[in-house]
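The exercises below go through a protein model in small steps. Please look at the sequence and the structure first, and then try each task before you read its solution.

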Amino acid sequence: KGLENHTVGSGFILLGFSGHSSLQGLCCTVLLLIYFVVLTGNSLIALSTVVDSSLHSPMYFFLRNLSLLEICYTSVTLPKMLVAFLTGDGRISFLGCAVQLYFLVLLGSLECLLLAAMAYDRYVAICHPLRYPFIMSRGLCIRLVLGSWMVVVPVQVGQTYQVFALPFCASHDLHHFFCDVPPLLELACADTFWNQMMLYTIILVFAVLPFSLIMISYIKIIRAVLKIPSALGRHKTFSTCSSHLSVVTLFYGSATVAYLKRRSRDSADTDKYLALFYTIVTPVFNPVIYSLRSRAVRITLKR
């Protein structure tokens, strides 16, 4: 009903880059470079964890899934942004916007759950090293990843349908780089209370709860590390967590501010640039952080 009756043909106009026409060449070059780094860097990390048998541990299994997820996550938004910049046409169809939104929130939720699984893996490795091979079995790792997909897919189908069942009878100008829930709700000419409640519930379940589990894991990790007598031992043990903690800080820091802070017309530019950071810039740092901080990954990449 919603998808057929509400402005299916008109679609939306993405105005994220409006007013930057003088920087068109520079912005296109930067975006192309970012996309190249994301594709190349994350592909190399994923490939290295497959070809090198020494990287067939649970930690690198999750890293491989994270790298592939980052490639998909960036590919949802960046190609369309490049086309809009090159052609000057920011139009996106109603269905195209729905598909983009669905995969954006789907992959974002999966990344939150995957980061929590990686934190649990580090907690078991450091706090229960003797039981680590038995607890973090290959079967458990696969179940954690597949379970995340099975939980997130239907929930995000529901949220996407709920958003696009709204009547968009006002302006169809999205002051954003891509289709996202908050700017779309601002264009609806109907009561969006239940949409807002669903959005905050999903944030609570797929972002706040995983982040809380990550923090609990690291509190226990820090306690265990502080009990190690030598400074070198403490540094070596905690260094295995530093890459993951850096990615968590970058992703959650920008995404939390973008989704949970109060939105206003004055903050529209800030909101869209924060969204640009956690959807495009953060995936660039994933291969850089892991290749710089993980000696095993560096050695494999050199080979």
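**Exercise 1.** Does Phe193 count as buried, partly exposed or exposed, and why?

*Solution.* The model is a predicted one, in which local features need pLDDT of at least 70 and side-chain atom pairs count only at pLDDT 80 or more, while totals for chains, interfaces and linings use all residues. Residues are numbered from 1 along each chain as its sequence is written, and side-chain values use heavy atoms, with hydrogens and water left out. Buried means under 20% relative accessible area, exposed means over 50%, and partly exposed lies in between, with a 1.4 Å probe and protein chains only. Phe193 is partly exposed because its relative accessibility is 41%. Phe193 belongs to helix α8, which covers residues 193–226 (helices are DSSP runs of H or I with at least four residues, numbered from the N terminus).

**Exercise 2.** Find the residues that Leu115 and Glu70 touch, leaving aside those up to four places away in sequence.

*Solution.* Contact means heavy atoms within 4.5 Å. With sequence neighbours within four places left aside, Leu115 is in contact with Leu66, Ile214, His244, Val247, Val248, Phe251 and Tyr252. Glu70, whose place is in helix α3 (residues 58–87), touches Val38, Asn42, Glu111, Pro283 and Asn286 when residues up to four places away are not counted. Glu70 counts as buried because its relative accessibility is 1%.

**Exercise 3.** Describe the two salt bridges that a search of the whole structure finds.

*Solution.* A salt bridge is a side-chain nitrogen of Lys or Arg within 4 Å of a carboxyl oxygen of Asp or Glu. One pair is Asp89 with Arg91, where the closest N and O atoms are 2.9 Å apart; Asp89 is partly exposed, with a relative accessible area of 27%, whereas Arg91 is exposed at 55%. Another pair is Arg122 with Asp121, where the closest N and O atoms are 3.0 Å apart; here Arg122 is buried at 9% relative accessibility, and Asp121 is buried at 1%.

**Exercise 4.** Compare a UniProt annotation with the model over residues 99–120 and over residues 197–219.

*Solution.* An unreviewed UniProt entry lists several stretches as "transmembrane region", including residues 99–120 and 197–219; such annotations may be inferred rather than shown by experiment. Over residues 99–120 the chain is 100% helix and 0% strand, with the end C-alpha atoms 32 Å apart. Over residues 197–219 the chain is again 100% helix and 0% strand, and the end C-alpha atoms are 31 Å apart.

Methods. Helices (H or I, at least four residues) and strands (E, at least two) are DSSP runs, numbered from the N terminus.
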